[in-house]
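Colleague: I would like to go through this chain with you step by step, beginning with the terms and then moving on to the residues. Could you show me what we are looking at?

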Amino acid sequence: MLVLVGYLVVIGAVFGGYALMGGHFGVLFQPVELLMIGGSALGAFIAGNNGKTIKATMKELPLLLRSSKHNRQLYMDLLALLYELLAKARKDGMMKLESDVENPGESEIFGRYPVIVADSELMEFLCDYLRLVISGNTDPFEIEALMDHEIETIRHEAEVPQHSLAGVADALPALGIVAAVMGVVHALASANLPPSEMGALIAHAMVGTFLGVLLAYGFVSPLASLIGQKVEEAMKVYQCAKVTLLASLNGYAPQLAVEFGRKVLFSTERPSFTELDDHVREVKAR
């Protein structure tokens, strides 16, 4: 929703200011130049990216219109889930977690947290490292290094749409100049026209530069920036799980391990210690 609001503000500010200075909107209506700019930008995007990048970018764009799923409730569920798993392991032994990890869909503990279970990538991350912990003979430093490598890989893959859109945004002003030059060439080729008509052709040509810059910095570049912010939010889930599991591996009690995980969260989503404790009690009482 904020994307649409931002776009409306951009349109209102630019075209509203143009109207206040007495501009004529008919001059700005140049579908041919828009076709040249948009078509060449699309062509450059296709030529400069492989199939996986194009698919990932197209998949990401509709998601930008939705609110982020990485909210306080998600983090509270994640920490509560980790607390329950670690508490069970501390009480009954790590091997007792094997059935939960191997069949999370049938696990009573996982069943209390449907939001976490619905995130297949996060579930894979959690279950993989819990299996390593259950297997025994795991060095916390080696596990931490492996986690860091995997999180970096997840981040790199998630940032692919951001980089592809940023490339398009960088190209759009230049493509607008290309469209403007084409318009100027057309105007110069019609040098026998009266000055009033020549002036109109030059004005039409300059619209290309305007459109290229507006599309780049008013529409496409903000999307790339928004994807980058969403990636940072998404990585906090994995970092929270990583820190909590490592704290447990280093001998901390479940209550302290989840406190380690809670501390790495952004302040806007981080629950208080009391909130998390109450949430765990509430879920277990269901």
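Modeller: Before we place any residue in a helix, we should say that helices are DSSP runs of H or I with at least four residues, numbered from the N terminus. Please also keep in mind that this is a predicted model.

Colleague: With that definition in hand, in which helix does Glu 144 lie?

Modeller: The helix in question covers residues 140–158, and Glu 144 falls among them. Its name is helix α10.

Colleague: Is Glu 144 buried, partly exposed or exposed?

Modeller: Buried would require under 20% relative accessible area, and exposed would require over 50%. Glu 144 has a relative accessible area of 30%, so it counts as partly exposed.

Colleague: Which residues does Glu 144 touch, if we do not count those up to four places away in sequence?

Modeller: It helps to notice that Glu 144 and Val 243, although 99 residues apart in sequence, are 8.7 Å apart in space, C-alpha to C-alpha. With residues up to four places away left out of the count, Glu 144 touches Lys 242 and Leu 246.

Colleague: How many helices and how many strands does the secondary structure of the chain come to?

Modeller: Reading from the N terminus on, every element in the run is written as α. The secondary structure therefore comes to zero strands and 14 helices.

Colleague: Why is the chain described as more spread out than a compact globule?

Modeller: Along its principal axes, the C-alpha trace spans about 90 × 35 × 30 Å. For 286 residues the globule rule gives 19 Å, and the chain is well over this value, so it is more spread out than a compact globule, with a radius of gyration of 27 Å.

Colleague: Which helix gives the largest share of the largest nonpolar core?

Modeller: Of the 286 residues of the chain, 39% count as buried. The largest nonpolar core has 66 residues, and Leu 78, Leu 81, Ile 116, Phe 125 and Leu 126 touch the most other members. The largest share of this core is 19 residues, and it comes from residues 195–249, that is, helix α12.

Colleague: Which residues is Leu 81 in contact with, leaving aside its neighbours within four places in sequence?

Modeller: Contact here means heavy atoms within 4.5 Å. Once the neighbours within four places are left aside, the contacts of Leu 81 are Ile 109, Phe 110, Tyr 113, Ile 116 and Leu 126.

Colleague: Where does Gly 93 lie, and how many ångströms separate it from Ile 134, C-alpha to C-alpha?

Modeller: Gly 93 lies in the loop between α5 (72–92) and α6 (98–102), and at 26% relative accessibility it counts as partly exposed. Along the sequence, Gly 93 and Ile 134 are 41 residues apart, while the C-alpha to C-alpha separation in space is 9.0 Å.

Colleague: Is Leu 188 buried or exposed, and how far is it from Ser 225 in space?

Modeller: Leu 188 is found in helix α11, and its relative accessible area of 58% makes it exposed. Leu 188 and Ser 225 are 37 residues apart in sequence, and their C-alpha to C-alpha distance in space is 40 Å.

Colleague: What separation do the C-alpha atoms of Val 160 and Leu 249 have?

Modeller: Val 160 has its place in helix α11, which covers residues 160–188, and it counts as partly exposed at 22% relative accessibility. Val 160 and Leu 249 are 89 residues apart along the chain, and the separation of their C-alpha atoms is 33 Å.

Definitions and conventions. Residues numbered from 1 in each chain as written. Predicted model: local features only at pLDDT ≥ 70, side-chain atom pairs only at ≥ 80, totals over all residues. Heavy atoms only, no water. Helix = DSSP H or I, 4+ residues; strand = E, 2+ residues; numbered from the N terminus. Rg over C-alpha atoms; globule rule 2.2 N^0.38 Å. Buried < 20%, exposed > 50% of the residue type's maximum accessible area, 1.4 Å probe, protein only. Core = buried A, V, L, I, M, F, W, Y, C linked by side-chain atoms within 4.5 Å.
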